[in-house]
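Student: I would like to practise reading a structure with you, one feature at a time. Could you take me through this one?

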Amino acid sequence: MLKSSVTLFIAAFISVSSVQSLQYAKNGGCTGYDQPPGDKMYYDHFNVIKPYQDKEQVYFDQKYRDLMSLRVDQYVNMTLINAPPDFKCDLGDDTPCNWVFTGSSSRALTFWKLYQNTKKTNPAKSKYYLDLARQYIEGSLKDISDKYDDFISFINGNPGVYAIASVIYDSLGDSTKAQQFIDKVDVVFSKPMTNKIDYDDGIPGYFYTLDFLETYYDRPLFSRDNVMRYASHLFDYGYNHKLENGTLIFPEPFPDTRTSLGFGRGAAGMLFRLMQVPEVLQNETMVKHIKLTIDYMIARQRPDGQVADIQPGMEERVQWCHGAPSATPVFALAYKIFGDQKYLLAADLAANYTFNYGVLLKGMGLCHGTSSNIYMILYLYSITKDPKYKYFAIEMHKFALDTPTLTDPEKMMSWDCVGQYSSFIDTAASAIATYSDMLTYIDGQEENMWMIGWGKISHKTENQHAHTFLE
């Protein structure tokens, strides 16, 4: 059944000739290294992309739209060939193969995103994407285990799998099953408080899961008292480790004990999610220390815009989980909520640095690659509507499409191989979602623009949530 479905997909929607030589990740294309050798981590595009000129018209050439569409089709087939719904990852240990970070549920989410993005333009193709999403999520659900129950994030944890299952089954018309998976997400609140405090594994990522579901269903689904209880636990953890000046610090619990300002396992992820809990914004003490922590991040920002991480060895990283890209959405959201120009200035500096040094040798991955850097810049654009940031995003995409080692299926490299065809790590699988989003975004469907595991480019937190002492 699966083989005939894949053949149907290729025959119906994609030139058969475009499917040749696409098994890059299982062979030489995946280097097995976390980081390219040497100190240089980015493509130098200073002589290729001209600086943005004020009031310059921003547009995306048709040839790049066509190439981006072709790449989506090619990467989809790479995924179907190398990581079909019954594919089992080989991570060398008992790490789950069904979480968003490591595998199959991320592919289910990618195909559901493709379904969402093509419903209006290509109903037949959209229907097929939804069926692929169903096949992948059914495989993910078969692999559910309670062994890692303390992992409650969207990225690493069963709640993410359940949330994806809910929206897929709702899209299939099975509202009963969709509600059952919402209930499974809600069950986390009835369990002992987790010691996972980072975005990748714990409370901030769980908050994203709740937001993902409530945004999709467009109604409250979870107890606000429970949300605030978890937000308070997260804040208290940072407060109990605070610096003398009041900066919240979030060292990972033993045995990891890493301390970072980044998004995945550091302060940026905690702050970004805490600022989206309206009840937190009504608490004067919480707001005071959130602001102090953001000010600390600004104090660490260099004149060139980089926000050097405090985690050893990560000071120069320019990716979603470290450095300027991590800080950009935090500064942008702080500006949106509190209205202080210093946050906008810091966000602008960070976005400029991300543009200059954020087309990464690592590839188009989300967690550690170029795609998430572009999403972070577009988030700032959504708040400011400054066309410079849209120009940055489009030019970074154009440069990547013109760079074979970044986007050509026969030449592209993947430096992060822990997530084999995971749409959060792998360069090709991540680009499917990124390119699909970008194509619909350019065509005016901004509501469809959201980064897997992170959130919508235009989200629902507004200044009106912050009143009384914040005004």
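Student: Let's start with I290: is this residue buried or exposed?

Tutor: This is a predicted model, and in it I290 is buried, with a relative accessible area of 1%. The residue belongs to helix α10, which covers residues 284-299.

Student: Which residues does I290 touch, leaving aside those up to four places away in sequence?

Tutor: Its contacts are L248, L271, L274, M275 and V280. For a link along the chain, take G246: I290 and G246 are 44 residues apart in sequence, and their C-alpha atoms are separated by 9.1 Å.

Student: Now a loop residue, please. Where is D200 found?

Tutor: D200 sits in the loop between α6 (175-186) and α7. A loop position alone does not settle accessibility, and here the value is 7%, so D200 counts as buried. Beyond residues up to four places away in sequence, D200 touches S153, I155, N156, G264, R265 and W320. F154 is 46 residues from D200 in sequence, while the C-alpha to C-alpha distance is 7.7 Å.

Student: How should I read backbone angles? Which residue other than glycine has a positive phi of about 55°?

Tutor: Look at D218, whose phi is positive at about 55° although the residue is not a glycine. D218 lies in the loop between α7 (203-217) and α8 (224-240), and with a relative accessible area of 69% this residue is exposed. K385 also has a positive phi, near 60°, and is a residue other than glycine. The place of K385 is the loop between α13 (370-384) and α14 (387-401); at 43% relative accessibility, K385 is partly exposed.

Student: Next, cysteines. How many disulfides does a search of the whole structure find?

Tutor: The search finds 0 disulfides.

Student: Why is there no bond between C321 and C367?

Tutor: The general idea is to check the distance between the sulfurs, and a disulfide needs them within 2.5 Å. The closest cysteine sulfur to that of C321 is in C367, at 4.2 Å, so the two are too far apart for a bond. Seen from the other side, the closest cysteine sulfur to that of C367 is the one in C321. C321 is buried at 8% relative accessible area, and C367 is buried too, at 1%.

Student: And empty space inside a protein: how do I look for that?

Tutor: Rolling a probe the size of a water molecule over the atoms shows where empty space is left. In this structure there are 2 cavities of 30 Å³ or more. The second largest cavity holds about 30 Å³ of space.

Student: Which residues line the second largest cavity?

Tutor: Its lining is made of L261, G262, M297, V307, G323, S326 and A327. By class, that gives 4 nonpolar residues, 3 polar ones and no charged ones.

Student: Can we finish with the whole protein? How many helices and strands does the protein have?

Tutor: There are 16 helices and 2 strands. Of the 471 residues, 61% count as buried, I290 being one example of a buried residue. The protein exposes about 18200 Å², and carbon and sulfur atoms supply 51% of that area.

Student: What share of contacts joins residues at least 24 apart in sequence?

Tutor: Take the contacts between residues at least 6 apart in sequence: 73% of them join residues at least 24 apart.

How values were computed:
Residues numbered from 1 in each chain as written. Predicted model: local features only at pLDDT ≥ 70, side-chain atom pairs only at ≥ 80, totals over all residues. Heavy atoms only, no water. 1 Å grid on protein atoms, 1.4 Å probe; cavity = no way out; pocket = protein on both sides within 12 Å on 5 of 7 lines; lining within 4 Å. Points joined across faces, edges and corners; volume = space filled by probe spheres on them. Nonpolar A, V, L, I, M, F, W, Y, C, P; charged D, E, K, R; others polar. Helix = DSSP H or I, 4+ residues; strand = E, 2+ residues; numbered from the N terminus. Buried < 20%, exposed > 50% of the residue type's maximum accessible area, 1.4 Å probe, protein only. Contact = heavy atoms within 4.5 Å. Areas by Shrake-Rupley, 256 points an atom, 1.4 Å probe, with all protein chains shown as cover.
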